[in-house]
Amino acid sequence: MYLSTEKIKTDIQQIDWLQLYQQRLASVKDDRLTSFYKAGTFAPDTPIKAIPFVAVDFETTGFDPKRDGIVSIGLVPFDLQRIHCKGAKHWIVRPRTTLDKDSVVVHGITHSDIKSAPDMMRIVEYLLKALEGRIVVVHHRGIERPFLNAALEKRINEGIVFPVVDTMELEARLHRAKPLTLWQRFRGHTLPSIRLVDSRERYHLPYYRQHHALTDALATAELFLAQVSHRFSEDTPIRELWK
Amino acid sequence: MQIEPIEVLDFLRRFPPFNGLPEETLGWVVTEIEVGYFKADTQILELGQQVDALHVIRSGAVDIYRRNGELYNKLSEGGFFGEFGLLRDGKIRFPAKAIEDTLIYFLPVAVFNKLFDEFEQFADAVEIEDRTRLRQAVARREDANELMTSKVTSLITREPVSIISSASVHEAALLMTESSISSLLIMNPPDHPKANSVAGIITDRDLRTRVVAEGLPYSTPVGEIMTEELITIDASQFVFEAMLAMLRHNLHHLPVLQKDRPVGVIAISDIIRYESQNSLFVVSNIFRQHSVDDLKALVSDVRASFIRMVNEDANSRMIGSSMAVIGRSFKQRLLELGEEALGPPPIPYCFLALGSMARDEMLIVTDQDNAMILDDSFDPKLHDDYFAALAKFVSDGLDACGYTYCTGNIMATNTQWRQPKRVWQQYFTEWIDNPSLEGLLHSSIFFDLEGVWGKTEWADHLNDHIVRKARQGKRFLAAMSRNALNRTPPLGFFKDFVMEQDGRQNNTINMKRRGTAPLADLARVHALAIGSKARNSFLRLDEIIEADILPRGRGQDLRDALELISMVRIRHQALALERGETPDNSIAPENLSEFERKNLKDAFQILSNAQKFMKFRYQGAR
């Protein structure tokens, strides 16, 4: 019993991304996706110093990819040396679902902003181009990949897969490796927060206002560089980081 | 749509010198910014490293050091560094280290240069020290009768871009954008009495202050907003005059005219960059380095100053002596560093330069020939460890700086050439009194010697000893001249070029082996014969001419031949350096112009005749 769970775990961890890209390339119909998969991804042993990354952040109307939609997209390309604002992109898009008041409070994008905004499909070509040949870095992989997948499925009946490096998960490895003991809980200990702002603070990164997709993408890229320089090395293979 | 990273923009708005920039400029600057993270205690910039951006501290703390390792400055949020390197030759003068976890915003060099050229406030903030330096450079230039009397045209890097005065500001802005320039020359229209001459200039700043801020229509002719009464400089004027004009009128751009036609525009940054390639600058820099690695970082400056002298039509003597001064400085600085590391020498010594350095005929491709004279109290058991270590330190350092090890092992690292004074005198006595061809074959180089460090007067004593003895030594002179005939000019029976057949360099002539080296040998033999103390071949030839031992006119011919062959060799090396190739001495005659070939043949003919005369004079008719 114990063994088999272990085995499943490693299987999940070791998705063969190269092969998966090949399979998708053979089956997708959409030109934009064909081009995306054609650019391929990296062998699992590739040291991260040789990899171009792109940090991505979505602001959404909620947390459920099936029901909620994307309202803005920010991304910034980088490598281990530097983050390049020159390639940064920011789009406001019109979700097919309605904006509720709560999420407006979070990301500050209002009805009038999105009334003039294009549908996701108008920018998807540029978005995929910006991700092509790069490894995506996000803070909390529960948002960007599933939302992009769902948005594409809704619109062109084809989803998307790609590996991501999740800076929140990298923090969790350090701070959530062991649950608190009863004694610790009794003493009032709490687990350190692994939210973007709090994680950044641990690496002495400056405070950035949250919930602007481009700023959050930049903040994520900076956090990743800090994590690498404190905890990994430029020779760390990508397989140890991606999911 | 907001595509600027707002946090970066807000940060720049808060700190000088960025807070003085107009909003639209800042909006552009942030989209060019790069970001990097440095963990506490990591080096951000190393001395001599190439710098490609102004470093602005977003958060954290950074220590800046002088080249000698002293702490120069401590910087925190909003502080910037790297500007000195950017303003000079792109090399880091002040290393930087993160002392806390630090986030850096990088302002790429192109952005930096643009801000520097266009915004005086920005330029003033980053260049305070360089202004003083530039002023010193001007002062130095005015009172020094230097070899660098170069024309402003040597600073021009591109054709001037211009537009007619009737064109609209919109057209002007488009042209400036397309050509990525920050200033544009405005020309008089063809129907103007001064047709095709410069009417004025506009800069990016003028478009902002005189067009956008004033709310003028884009159709406004540039002629209405340009700066007239232009301050310009004539193409025949000198670089220091351009410097003075720019300082006097506080200009960042200066148009260069040739007979009223514009031939280019020079910017203040061009002058600062140029100044750092001055060979005097290189020498003063050598003495400010604190390690072999630091010295190594100067090699590209040395090459740049070599190329620059060639491009400025300096003659071979200027170039040869400048390169020798630089080489000697490397040696002296290495000896200083060596003595710092190993402690003071246990007994006095003198470090010798031999060969081309001693003759002031050094070029860029050269190996190291050196030796040491030790005090007569030298006791190998007590002292030799020290001098062997010092010699090795210097020799390794020179090799690192591009002066490769001597293949004949004529270096102070060789025990034979690291001896007390009395042994050196015996060496020379033996060479002169009992000359053998083999003995002298590899030792002719010792007859060009110079003390560069320590008891340099010992080198003078040895030279006196040589001069006194050599002129009497008939057999010695005969042997020396025989050896000097080993290397002949490449003229065959048909008086055409003879090529080297060493396999690798087919169809080429080695300009050193077949040209400058036999000429130097020839001058040395005659100089020893007349008791001349000169070491430079040109100076030797001058004294030989004065001594009147050559047929009339032949001495002058030899000078011309030496200059011509040297310059062909020098230009060949400079060209290789400019192309990024490894310079050598092999010339393919097919790459020479007909004119050069003819002159070279004449020069080799002169050398050939002079060798025949030398043979006759010192070996007698046999």
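A residue counts as buried when its relative accessible area is under 20%. The legends below describe close-up views of a predicted model.

**Figure 1. Strand β15 of chain B and its enclosure.** All of the strand meets this criterion: 6 of the 6 residues of β15(B) are buried, so the strand is largely enclosed by the rest of the structure. In a regular strand, side chains alternate between the two faces of the sheet. Y349(B), F351(B) and A353(B) point one way from β15(B). C350(B), L352(B) and L354(B) point the other way, and the residues of both sets are buried.

**Figure 2. The partner strands of β15 in chain B.** On one side, β15(B) pairs with β16(B) in the antiparallel sense over 5 bridges. Within this pairing, L352(B) stands opposite A371(B) of β16(B). The pairing of β15(B) with β18(B) is also antiparallel and comprises 5 bridges. Here F351(B) is set opposite W453(B) of β18(B).

**Figure 3. The open four-stranded sheet of chain B.** The sheet consists of 4 strands in the order β17-β16-β15-β18, with mixed pairing. Strands β17 (418-420) and β18 (449-454) of chain B stand at the edges; each has a single partner strand, so one side of each is left without a neighbour in the sheet. Direction ignored, neighbouring strands of this sheet are turned by 30 degrees against each other on average. Strand β16 (residues 370-374) of chain B runs parallel to β17(B), to which 3 bridges join it. In this parallel pair, I373(B) lies opposite Q419(B) of β17(B).

**Figure 4. Helices packed on the sheet of chain B.** Helix α15 (residues 380-400) of chain B packs on the sheet and touches β15 (349-354), β16 and β17 of chain B. The direction of helix α15 makes about 155 degrees with that of β16(B). Helix α18 (residues 456-470) of chain B likewise packs on the sheet, where its contacts are with β15, β16 and β18 of chain B. Between the direction of helix α18 and that of β18(B) the angle is about 160 degrees.

**Figure 5. Strand β2 of chain A and its partners.** Strand β2 (residues 70-78) of chain A is mostly covered, with 9 of its 9 residues buried. Strand β1 (residues 53-60) of chain A is joined to β2(A) by 8 bridges, and the two run antiparallel. Within this pair, D57(A) has G74(A) of β2(A) as its bridge partner. Strand β4 (residues 89-92) of chain A pairs with β2(A) in the antiparallel sense over 4 bridges. The bridge partner of S72(A) in β4(A) is I92(A).

**Figure 6. The interface of chain B and chain A.** In this interface, 26 residues of chain B are in contact with 25 residues of chain A. The two chains bury about 2,200 Å² between them, of which 53% is on carbon and sulfur atoms. Between chain B and chain A, 5 salt bridges are counted. One of these links the side chains of D52(B) and R82(A), at 3.0 Å from N to O. Across the interface, 15 residue pairs are in polar contact, with both residues at pLDDT 80 or more. On the side of chain B that touches chain A, at least two residues each are supplied by α1 (6-14), α2 (23-32), β1 (34-38), β3 (53-59) and β8 (102-108) of chain B.

Notes
Residues numbered from 1 in each chain as written. Chains lettered and ligands numbered in written order. Predicted model: local features only at pLDDT ≥ 70, side-chain atom pairs only at ≥ 80, totals over all residues. Heavy atoms only, no water. Buried < 20%, exposed > 50% of the residue type's maximum accessible area, 1.4 Å probe, protein only. Pairing = 2+ DSSP bridges. Axes fitted to C-alpha atoms, helices over the stretch in contact; angles between N-to-C directions. Contact = heavy atoms within 4.5 Å. Buried area = accessible area lost by both parts, 1.4 Å probe. Salt bridge = Lys/Arg side-chain N within 4 Å of Asp/Glu carboxyl O. Polar contact = N/O pair within 3.5 Å; in protein donor to acceptor, adjacent residues only side chain to side chain.
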